[in-house]
Every structure is written in C-alpha cells, then in structure tokens.
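Work through these exercises with the structure open beside you. Try each task before you read its solution.

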Amino acid sequence: MNPNVPRRALLKAALATAAGAAASPFVQALPTVAPTSRDDRAYWLHTLERITTPVLAAIASQQLRATMPVELAPGGNAESRRQCSHLEAFARLLCGLAPWLELEGLTGAEATLQTHYREQARAGIQHGTNPSSPDYLNFGATGQSLVDTAFLALAIVRAPTQLWKRLDPPTQRNLVAALIVTRKILPGRSNWLLFSAMIEACLCTLGEDWDRMRIDYAIQQHEQWFVGDGTYGDGPHFHWDYYNSFVIQPMLLTILDAVAKQSQTWEPLRPAILARAQRYAVIQERLISPEATFPAIGRSLAYRFGAFHHLAEVSLRRQLPEELTPEQVRSALTAVMRRMIEMPGTFDGKGWLTIGFAGHQPSIGEPYISTGSCYLCAAAWLPLGLPATDRFWSAPGQPWTAQKIWGGNDVKADHASSA
C-alpha cells in the first residue's frame, strides 16, 4: 500500500458517535459508562487512528524527520532531543499497537485499518533501522536510545509475526544490529536495567545470541527493590510516580515470558511477580476517580493515559484479579482516554501530540520530554489485542470501583497484599 495515498474512509459508521464526542472545548460531565461495548471499541480505534496516522504515514514514506515537530519541555537540550525524539515516537507507538497488529480474525473496516498499519509499521522498521535512510533512528547515539530500543523490542516480542517474521532478511539483519548496538549504553541502577534486559529478551525470542547476565541482574535487582503491596522501588528508593506501570511491571512480566524457562532461577519467580502485578492492577483501577481523573503525581506525566500501561497489560493477559471485571476496567480506561484526549491543545494543528497531561502544558514535562516521548500513551491500547468477542469488549459496561464507592454502593474493603 502506498503510504502517500490519502487515508481511506475507515470506520465511518462505527466511529460516527465516538468522533463526535469532543463537542465542547472543555470537559463536561462524561457518561460514566459507555452505552455499548461496540461504542467503546470504536472510540479506542478512533483514538488509535488519530494518534497513529501522523507517525506511521511519515516514517513509511521516509518523512518522519522532515515532518515531525520536536517540541521541547523547558530546559530540554534541543540537539539531544532531536537525535532521539523520532525513535521515541515510533517505538512507543508500536509497543502499544503491537497486540492489535498481531491479532488475527478481524473483518470489515477494522481489518482494513489493521492491514494498513501493519504495512506502515514494517516499512517504518525497514527505514528506521537502515543507516542509509533519512529516517534512520540513531540507535546507540544517545543514552535515551537504550530506552526506546527497549520499547521497540517490547513491540516485537508482542507481535513477532507481524513485526519480525514478515520482515525481509536485510531488514531483520538491520534490526538485530540496531538492538545489539545499544549494549554500549550503561543503564542506571533503576528501571533502566529492564531496558537492557528487554532488548536481550527480544534477541532470545528472535533466536539470536543474548546476554543472560543483563537479564538476571535486572530481575534480581528488582526482587531486592520490591517494597511490598504489589509495588517496586525505582532503584533502592520508592518514588510516587507511575514507573511501576510505565516500565517495571509490564517489562518484568514480558521478559519472564520470553526467558523464564531458560534458567532454573527465573521460572520459580513467576508466581510472586504475577501476584504483585495483579495487586498493582487493583491499585491502578482504584486510582481512577468517579470523574475519570487520576492523581497527577510524579514525573513523566506527559505520557498521559500511558500511566495505565500495566492495567492494560494485565487485561490483555486475561489475568485481572477476581475483584476486577474486564468490563469495569474497559469502562474506566475508556472514560480516562476520553477525558484526556479531548482536552483542547492535546494535538497541534497538524495532528501531532503536544507536551501535556490534560491539554498543552509544556511545563509539566521534564528536560528529557519532547514530542516523541508523548507517544507512550499508546501503551494503554493493549486490550485491542483481544478480539471483540472477548468479555473485555463484549460485556455491558460497568461502573469502576471509585464510582461504586462514591455512589454509595456497598463495596468490599481493600487490603494490602502480602505478595
């Protein structure tokens, strides 16, 4: 498919209601539960299409560097951000799209859209890993490239058929070289250890040589950094932020999926790590207020609803704890997505994401934040990798926990986990 051809009129009928939701420039009283599950999935796809199209269309035609703006947060280093922001946008977007790209059995307009993005994603990997392309993504050039090569690795592990097996051999070789070159970057003693480990887990999945020590060190350190009640410190200290969701717990689960059977010391860790993940999913769902807001605490708030990467991950795995139904999680995530994406200023005049949490708020970004950083919001889309017949999508919407409690319903008390 030619990426320069204007977009087809996709999802017209299904998205008519969803697309019309942003009728006011200010957030109004949103429906507490979407009227039907079809509307919810349509709204997610509408949001996916709106955010995805500028990035994939540009890199598929080798125009990402030429067309993507690089907005900086105050204090950001312009030269450094211009080297890494494009890899950030592409890799973070793919890590959220990957389960949906891998899903088989779609029909109709959604299948057409999926096919289009599959082709553009593979073209993006081809151009992005080719040192001769104007859109080469500067793997290994900055410390930040370790972070986003890991998100690209996460995408490949989540969609091995679409994002690896269907690549041509030269692109596969270039991709492996791009993964390996980041080994020269020394990760900090924090969640960054998981970036190195994620890349090695991907290489293991691809049948390439991989480094067990990088994985073992990351896993063992996080075992030591577990602080209780489903939560890890980010390094030796606990931080009030969303890095348990942005990075730590989803990557721990995925890394162990890829390599646990390769070591007698890793496989026995899986039950405890899953139990912690399930407890943290409960915490995440309870953080969503009746009005579909959540606390603006900690760094990297410009990732917006990417803060729910972990809740989306556990939902995709169909491993939600019994106190959370898939349909209440869907209702909560849909409401958060609506509330954030429809704030004025979220997109610039050409459809690129801007820096902000609820609209355009450059000062909410740290010096390492730029345009590309914002595309980690895509990580909340993981449940689109479940078919529309799955309970997550097919069951009628339900109030989430905070709605039940603040609505006067009798809800079981919450208790800390021993995991």
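Buried means under 20% relative accessible area, exposed over 50%, and partly exposed in between. Keep that cut-off at hand, and remember that the model is predicted.

**Exercise 1. Two helices**

Task: Decide whether helix 14 is enclosed or open, and check its length.

Solution:
- Step 1. Count the buried residues: 15 of the 16 residues of helix 14 fall under the cut-off.
- Step 2. Draw the conclusion: helix 14 is largely enclosed by the rest of the structure, because 15 of its 16 residues are buried.
- Step 3. Check the length. From first C-alpha to last, helix 14 reaches 22 Å, close to the 22 Å expected at 1.5 Å a residue.

Task: Repeat the exercise for helix 5, residues 108-128.

Solution:
- Step 1. Find the expected span. The rule is 1.5 Å times one less than the number of residues. For the 21 residues of helix 5 this gives 30 Å.
- Step 2. Compare with the model. The end C-alpha atoms of helix 5 are 30 Å apart, which agrees.
- Step 3. Look at burial. In helix 5, 15 of the 21 residues are buried, so it too is largely enclosed by the rest of the structure.

**Exercise 2. The loop after helix 14**

Task: Place Ser370 and state what its side chain meets.

Solution:
- Step 1. Locate the residue. Ser370 sits in the loop between helix 14 (326-341) and helix 15 (391-394).
- Step 2. Apply the cut-off. Ser370 has 0% relative accessibility, so it counts as buried.
- Step 3. Find the polar partner. The side chains of Ser370 and Glu88 make a polar contact at 3.3 Å.
- Step 4. List the surroundings. Beyond four places in sequence, Ser370 is in contact with Val70, Glu71, Leu72, Arg81, Ser85, Glu88 and Ile355.

Task: Say whether Asp348 is buried, partly exposed or exposed, then trace its side chain.

Solution:
- Step 1. Locate the residue. Asp348 also belongs to the loop between helix 14 and helix 15.
- Step 2. Classify it. Asp348 counts as partly exposed because its relative accessibility is 28%.
- Step 3. Follow the side chain. It reaches the backbone nitrogen of Lys350 at 2.8 Å and the backbone nitrogen of Gly351 at 3.0 Å.
- Step 4. Look further along the chain. Asp348 and Pro69 are 279 residues apart in sequence, with their C-alpha atoms 9.5 Å apart in space. Pro69 and Thr354 are in contact with Asp348, its neighbours within four places left aside.

**Exercise 3. A buried alanine**

Task: Which residues does Ala73 touch, leaving out those up to four places away in sequence?

Solution:
- Step 1. Find Ala73 in the loop between helix 3 (64-67) and helix 4 (78-102).
- Step 2. Classify it. Ala73 is at 3% relative accessibility, so it counts as buried.
- Step 3. Read off the contacts: Ile355, Pro362, Gly365, Glu366 and Ile369.
- Step 4. Test a pair. Ala73 and Ala109 are 36 residues apart along the chain, and their C-alpha atoms are separated by 38 Å.

**Exercise 4. Positive phi**

Task: Find the sign of phi for Ser300 and for Arg304.

Solution:
- Step 1. Recall the background. Most residues other than glycine have a negative phi.
- Step 2. Read the angles. Phi is near 65 degrees for Ser300 and about 50 degrees for Arg304. Ser300 has a positive value, and so does Arg304, although it is not a glycine.
- Step 3. Place them. Ser300 lies in the loop between helix 12 (270-286) and helix 13 (309-316). Arg304 lies in the loop between helix 12 and helix 13.
- Step 4. Classify them. Ser300 is buried at 0%; Arg304 is buried at 2%.

**Exercise 5. Gln172 and Trp240**

Task: Is Gln172 buried or exposed?

Solution:
- Step 1. Locate Gln172 in helix 8, residues 169-181.
- Step 2. Apply the cut-off. The relative accessible area of Gln172 is 19%, so it is buried.
- Step 3. Trace the side chain. It reaches the backbone oxygen of Trp164 at 2.8 Å.
- Step 4. Add the contacts. Gln172 touches Trp164, Lys165 and Leu167, residues up to four places away not counted.

Task: Is Trp240 buried or exposed?

Solution:
- Step 1. Locate Trp240 in the loop between strand 2 (231-232) and helix 11 (243-259).
- Step 2. Classify it. Trp240 is exposed because its relative accessible area is 64%.
- Step 3. Find its patch. Trp240 forms a nonpolar surface patch with Val227, Phe238 and Ile297; together the four have about 420 Å² of accessible area.

How values were computed. Residues numbered from 1 in each chain as written. Predicted model: local features only at pLDDT ≥ 70, side-chain atom pairs only at ≥ 80, totals over all residues. Heavy atoms only, no water. Patch = residues over 30% accessible without salt bridge, like charges linked within 9 Å, V, L, I, M, F, W, Y side chains within 5 Å. Areas by Shrake-Rupley, 256 points an atom, 1.4 Å probe, with all protein chains shown as cover. Salt bridge = Lys/Arg side-chain N within 4 Å of Asp/Glu carboxyl O. Helix = DSSP H or I, 4+ residues; strand = E, 2+ residues; numbered from the N terminus. Buried < 20%, exposed > 50% of the residue type's maximum accessible area, 1.4 Å probe, protein only. Polar contact = N/O pair within 3.5 Å; in protein donor to acceptor, adjacent residues only side chain to side chain. Contact = heavy atoms within 4.5 Å.
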